[in-house]
Amino acid sequence: MEDLEIKKVNEVYYATTTEYDITFKGVDYKLRKYEDSKGGETLIFKDGDWQDLYEDSHGEIENELYEMIWDGVLD
């Protein structure tokens with residue numbers, strides 16, 4: 001359009017959630033990685049509910065899952 005001049009475009013806020021259904025070491029897991037402009041968090045579906053997953057929160061295997069999510073192994 002001739003009458004249009006875009007002076008500036010800024011991303012003000014973003015949010016995304018990625019859900020993973022995986023089998024790791026013979027066990028099925030459902031994981032979520034949530035990211036927004038302020039940071040991110042990881043969730044694991046366990047005992048019928050979504051729980052925070054962070055380093056040392058659920059044991060050694062879950063530590064590996066946490067690292068795989070944030071290292072991009074699952075993407």
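Let us start near the N terminus, where Ile6 sits in the segment before β1; helices (H or I, at least four residues) and strands (E, at least two) are DSSP runs, numbered from the N terminus. Ile6 is exposed, with a relative accessible area of 60%. Here buried means under 20% relative accessible area, exposed over 50%, and partly exposed in between, with a 1.4 Å probe and protein chains only. Together with Met1, Leu4 and Val9, Ile6 makes a nonpolar surface patch of about 530 Å². Patches are built from residues with over 30% relative accessible area and no salt bridge, nonpolar side chains (Val, Leu, Ile, Met, Phe, Trp, Tyr) being joined within 5 Å and like charges within 9 Å. The areas come from the Shrake-Rupley method with a 1.4 Å probe, and for residues only the protein chains shown count as cover.

A word on the model itself. This is a predicted model, in which local features need pLDDT of at least 70 and side-chain atom pairs count only at pLDDT 80 or more, while totals for chains, interfaces and linings use all residues. Residues are numbered from 1 along each chain as its sequence is written, and side-chain values use heavy atoms, with hydrogens and water left out. The mean pLDDT (the predictor's confidence in each residue, from 0 to 100) is 91 for the chain, and 100% of the residues reach 70 or more. Among the elements, strand β1 (residues 15-24) has the highest mean, 96, and helix α1 (residues 60-70) the lowest, 90.

Now follow β1 into the next strand. The loop between β1 and β2 holds Lys25, which is exposed at a relative accessible area of 56%. Although Lys25 is not a glycine, its phi is positive, about 55°. Beyond the loop comes β2 (residues 27-36), where Asp36 has its place. Asp36 is buried, with a relative accessible area of 13%. Leaving aside neighbours within four places in sequence, Asp36 is in contact (heavy atoms within 4.5 Å) with Tyr13, Tyr14 and Ala15. If you look from Asp36 across to Asn63, the C-alpha atoms are 22 Å apart in space, with the two positions 27 residues apart in sequence numbering.

Charged pairs make a good next stop. The structure holds 7 salt bridges, each a side-chain nitrogen of Lys or Arg within 4 Å of a carboxyl oxygen of Asp or Glu. In one of them, the side chains of Glu19 and Lys30 meet at 3.9 Å, N to O. Glu19 belongs to strand β1 and Lys30 to strand β2, so this pair ties together parts that are 11 residues apart in sequence. Both are partly exposed, Glu19 at 37% and Lys30 at 30%. The two also take part in a network of salt bridges that links Glu19, Asp21, Lys30 and Arg32. Another salt bridge joins Glu35 and Lys33, with the closest N and O atoms 4.0 Å apart. Here Glu35 is partly exposed at 26% relative accessibility, whereas Lys33 is buried at 9%.

The next pair leads us to the helix. Glu62 forms a salt bridge with Lys46, and their closest N and O atoms are 2.9 Å apart. Glu62 lies in helix α1 and Lys46 in strand β3 (residues 39-46), so the pair ties together parts that are 16 residues apart in sequence. Glu62 is buried, with a relative accessible area of 7%, while Lys46 is partly exposed at 27%. Neighbours within four places aside, Glu62 is in contact with Tyr29, Ile44, Lys46 and Leu53. The buried residues of α1 are Glu62, Asn63, Leu65, Met68 and Ile69, and their cover includes β1, β2 and β3. After α1 comes Gly72, with a positive phi near 80°.

Finally, turn to the hairpin that Lys46 borders on. Strands β3 and β4 (residues 49-52) pair in the antiparallel sense over 4 bridges; two strands pair if DSSP finds at least two bridges between them. Across this pairing, Phe45 stands opposite Trp50 in β4. The hairpin has 2 residues between its strands, and Asp47 takes a positive phi near 55° there. Asp47 is exposed, at 75% relative accessibility.
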